[in-house]
Amino acid sequence: DLLRPNVLVTEWIDGTRLDASASPDVPRLCGVAINAYLTMLLDTGTLHCDPHPGNLLRTYDGRLCILDWGMTLQVPGDLQYALLEFIAHVNTEDLDAIPRDFVNLGFTPPDKLNRVAESGITDGLSFMLRQLSGGGGAKKMQERVKAELVERYGTEDREELRKAARAEMIERMETQLESEGVDVRGVSNVMEEMSRRNRELFQLPTWVLYVVRAFSTLEGIGLTADENYAILQECYPYLARRLFKDDSPRARAALKAMIYGSGESLDLDKFAEMADGFASYTSATSGAGLSEAATEISLNDADRAAADAQKELVADVLFAEESNLVQETVVAEAVKLLDASVRATLSDALDATPLLSRKLDGDDSDEDDPVRGAIQNLRNLPAPARAALLPLTGGVEAAAALAEAVAPSVKADAEDRASLAAVEKLGTLVPDDAGDPRAALDALSASGASLADVASPEAARRAGLVGRRFAAALLDRVGTRSAEAADHGGVSGSVASAVADLSRAARDVV
């Protein structure tokens, strides 16, 4: 009620400057601050523009307070999504998409897009961000860069490294200028010419200066408490949570770029990493801190925050009322796994019989099997001879014909092998006692979770809805597989075509 366009009213907050605090939770509070600035930048759209160390306070009860909101900046919605897309493309090293991101972010004029794309600047950006992600600030970054240069040029002499790196850089610049039609023999200073041209390609919007200032301040504070502090790693939890919960077209595209890259197969490691990031966001931004009379972090609050994060992931994302990319990905991968498992089981069952001329898995270790050979010799007899033997061999003939008809539909393909390999990979991440029901019950009891919450009517309704989506996706996959098998023609093709039609009709009903 006291605020006016020209009057800012604040309250007195007791605490210690974050950069002067000796508390062990300073790195965590730096993470809270980073997530706060990311939320301002990419969510609320109102950015605090005076993030110097004096405006970052650690309260006596272990919370972060950002002071002095007299200068703020409004961030347009288009810019927020452009940043999400840029972060996703950098994370997956999709260098071809980054020049367009530069334009969307206001770094590059639209008419300079092609020149930026051809400049090779994205390679340097990728290199710089890889070094930053390693953490440790400028000192550790210099050590990593030197190690790479030593490996590249084969010398540890500082002057030799400088000369070799400079020569390579000038050579690249000359190549770039020549590609733009510039006669490098007429350019007295290649580096000055490239600097002039780059000034035409890039500009720094106002918001960038404030964000860089904020993150530089936070990195400096974090490094005082942890010499390996990595500010880019601290940004990941927010990014994961935002992309998991925002199902708008541009956020969905950014998430797809993160977990699928440029291909069609799910990057299981990246998906698991983002799920962990989603959970760690809630833990990192929780109120867990130091009590007034204690010197240790209250782990109960952190554990409770982690449990809340898992519950939020299940309830608000995986079992969401409206379908989203995370839910669709989990459903699709579950369908692929079930399909691959069934096909692998049937394929193994067929391979265990001598009915096919060759095993579906390509194993020829028993190609001299007399029973397999006898069945194939029987099926290769002239038609009159086979007809005469039908009273004795009809059952074998029918079984072999059925096996041949079914084989194309159950033979594992590259996608099946990838799905089963992913399951094996997941198996290595699961503790040995994960399948022990007694251990699961003990863990549930110790957590204090309410079975009423887990099995509420609303949760059951949402689970049923997701179950229907799973059934529809499974039927659709059966229909697709059957349609592919129908292309083989013959009796098996006719049956497969009928199964495809039936599966799709059932999918529509579901």
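Start by selecting E333, which counts as partly exposed at 22% relative accessibility. Here, buried means under 20% relative accessible area, exposed means over 50%, and partly exposed lies in between, using a 1.4 Å probe and protein chains only. Now add K336, which counts as buried at 15% relative accessibility. E333 and K336 form a salt bridge, and their closest N and O atoms are 3.4 Å apart. The term salt bridge stands for a side-chain nitrogen of Lys or Arg within 4 Å of a carboxyl oxygen of Asp or Glu. Both residues sit in helix α14 (residues 325–351), three residues apart, about one turn of the helix. Helices (H or I, at least four residues) and strands (E, at least two) are DSSP runs, numbered from the N terminus.

Salt bridges that share partners also join D25, R28 and R58 into one network.

A word on what you are viewing: this is a predicted model, where local features need pLDDT of at least 70, side-chain atom pairs count only at pLDDT 80 or more, and totals for chains, interfaces and linings use all residues. Residues are numbered from 1 along each chain as its sequence is written, and side-chain values use heavy atoms, with hydrogens and water left out.

**More salt bridges**

How many salt bridges does a search of the whole structure find? There are 15. For another one, select E273 and K270, whose closest N and O atoms are 3.6 Å apart. This pair lies in helix α12, again with three residues, about one turn of the helix, between the partners. E273 is partly exposed at 36% relative accessibility, while K270 is buried at 13%.

Next, go to D19 and R17, a salt bridge with its closest N and O atoms 2.9 Å apart. D19 is partly exposed, with a relative accessible area of 31%, and R17 is partly exposed too, at 39%.

**A serine and its arginine**

Select S23, in the loop between β1 and α1 (26–44). Is S23 buried or exposed? S23 is buried, with a relative accessible area of 18%. Show side chains here, and you will find that the one of S23 makes a polar contact with the side chain of R58, at 3.4 Å. A polar contact is a pair of N or O atoms within 3.5 Å; within protein, one must be able to donate a hydrogen and the other to accept it, and residues adjacent in sequence count only if both atoms are side-chain atoms. R58 may look familiar, as it belongs to the network with D25 and R28.

**The aromatic rings**

Four aromatic pairs occur in the structure. Rings of Phe, Tyr and Trp (its six-membered ring) pair if their centres lie within 6.5 Å; planes under 30 degrees apart count as stacked, over 60 as edge-to-face and the rest as tilted. Select F86 and F102 to see a tilted pair, 6.1 Å centre to centre with 40° between the planes. This pair links distant parts of the chain: F86 is in helix α2 (residues 77–91) and F102 in helix α3 (residues 98–105), 16 residues apart. F86 is buried at 15% relative accessible area, and F102 is buried at 6%. Add F107 and W207 to the selection, and you have the cluster that ring pairs form with F86 and F102.

For a ring with a charge, turn to Y81: R242 lies over its face, at 5.5 Å from the ring centre. A charge sits over a ring if NZ of Lys or CZ of Arg is within 6 Å of the ring centre and within 35 degrees of the ring normal.

**Two loop stops**

Select D68 in the loop between β4 (64–66) and β5 (72–74). Its phi is near 65°, a positive value in a residue other than glycine, and D68 is partly exposed at 35% relative accessible area.

Then move to S262, in the loop between α11 (249–260) and α12 (268–284). S262 counts as exposed, at 81% relative accessibility. Select D94 as well: the C-alpha atoms of S262 and D94 are separated by 7.8 Å, with the two residues 168 apart along the chain.
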